[in-house]
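Biologist: I'm new to this one and would like a close look at a single part. Could you pick a spot inside it and walk me outwards from there?

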Amino acid sequence: MRTPHVVVVMGVAGTGKTTIGPLLAARLGVPYAEGDDFHPEANIAKMSAGTPLDDDDRWPWLDAIGAWAHGRAGLGGVVSSSALKRSYRDRLRAAAPDIVFVHLTGDRALIEDRMAHRQGHFMPTALLDSQFATLQPLQPDETGVAVDVSGTPEEITERALAALDGLEQTAPQTS
């Protein structure tokens, strides 16, 4: 039996990380951690005011997520994190080298519409442009998959599972 990986569900705000993450974790039989819960209060206040975070704001947040992922190494888990830049993913990999990314991708209009209809979230739609401007998609040397966010949460989760299965099948087998 293969050791479960820690999966980071990534993407811009509004792609469904908080919806898909728990569904994916349930299907994989591992715990889920909400990435937003790792933000210091100052970050939440800044985003709530419509001010994008800078890298100095993000490092402690990424370090906290990385520490959680490191603690789940060999046990598996799913955590959400925007992980928009390569340097952010590198920081997460430095803490937990075997993490796998599921990049939720989609049409900007669809994502904006979903953001406009969600309740009780601190991220305003005004920050979506800065999220897309910051986004650096997964590179070929990064372990992960891109998953389109059109359709229902269940359909998206099924696509993510199929993509992860495909990734597992192409990975070198060790015994």
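Modeller: Let's start with Thr-157: setting aside neighbours within four places in sequence, it is in contact (heavy atoms within 4.5 Å) with Ile-20, Leu-23, Leu-24 and Arg-27. Before going on, this is a predicted model, so local features need pLDDT of at least 70 and side-chain atom pairs count only at pLDDT 80 or more, while totals for chains, interfaces and linings use all residues. Numbering runs from 1 along each chain as its sequence is written, and side-chain values use heavy atoms, with hydrogens and water left out.

Thr-157 sits in helix 7, residues 153–170 (helices are DSSP runs of H or I with at least four residues, strands runs of E with at least two, numbered from the N terminus). Its relative accessibility is 3%, so Thr-157 counts as buried (under 20% relative accessible area; over 50% is exposed and in between is partly exposed, with a 1.4 Å probe and protein chains only).

Now follow Leu-24, one of the partners of Thr-157. Leu-24 also turns up in the largest nonpolar core (buried Ala, Val, Leu, Ile, Met, Phe, Trp, Tyr and Cys joined through side-chain atoms within 4.5 Å), which has 17 residues. Together with Val-7, Val-102, Leu-104, Val-147 and Leu-164, Leu-24 touches the most other members there. At least two residues of this core come from each of strand 1, helix 1 (17–28), strand 4, strand 5 and helix 7. Helix 7 is the biggest giver, with four residues. Apart from this core lies another one, of 16 residues, including Val-8, Ala-69, Val-79 and Tyr-88.

Val-102 is a handy next stop. Not counting residues up to four places away in sequence, Val-102 touches Val-7, Val-8, Val-9, Met-10, Leu-24, Val-145, Val-147, Ala-160 and Leu-164.

That brings us to strand 4, residues 100–105: five of its six residues are buried, so the strand is largely enclosed by the rest of the structure. Strand 4 runs parallel to strand 1 (residues 6–10), with four bridges joining them; strands pair if DSSP finds at least two bridges between them. Strand 4 also pairs with strand 5 (residues 144–148), again in the parallel sense, over five bridges. Look at Phe-101 to see both pairings: Phe-101 is the bridge partner of Val-8, and Phe-101 stands opposite Gly-144 in strand 5.
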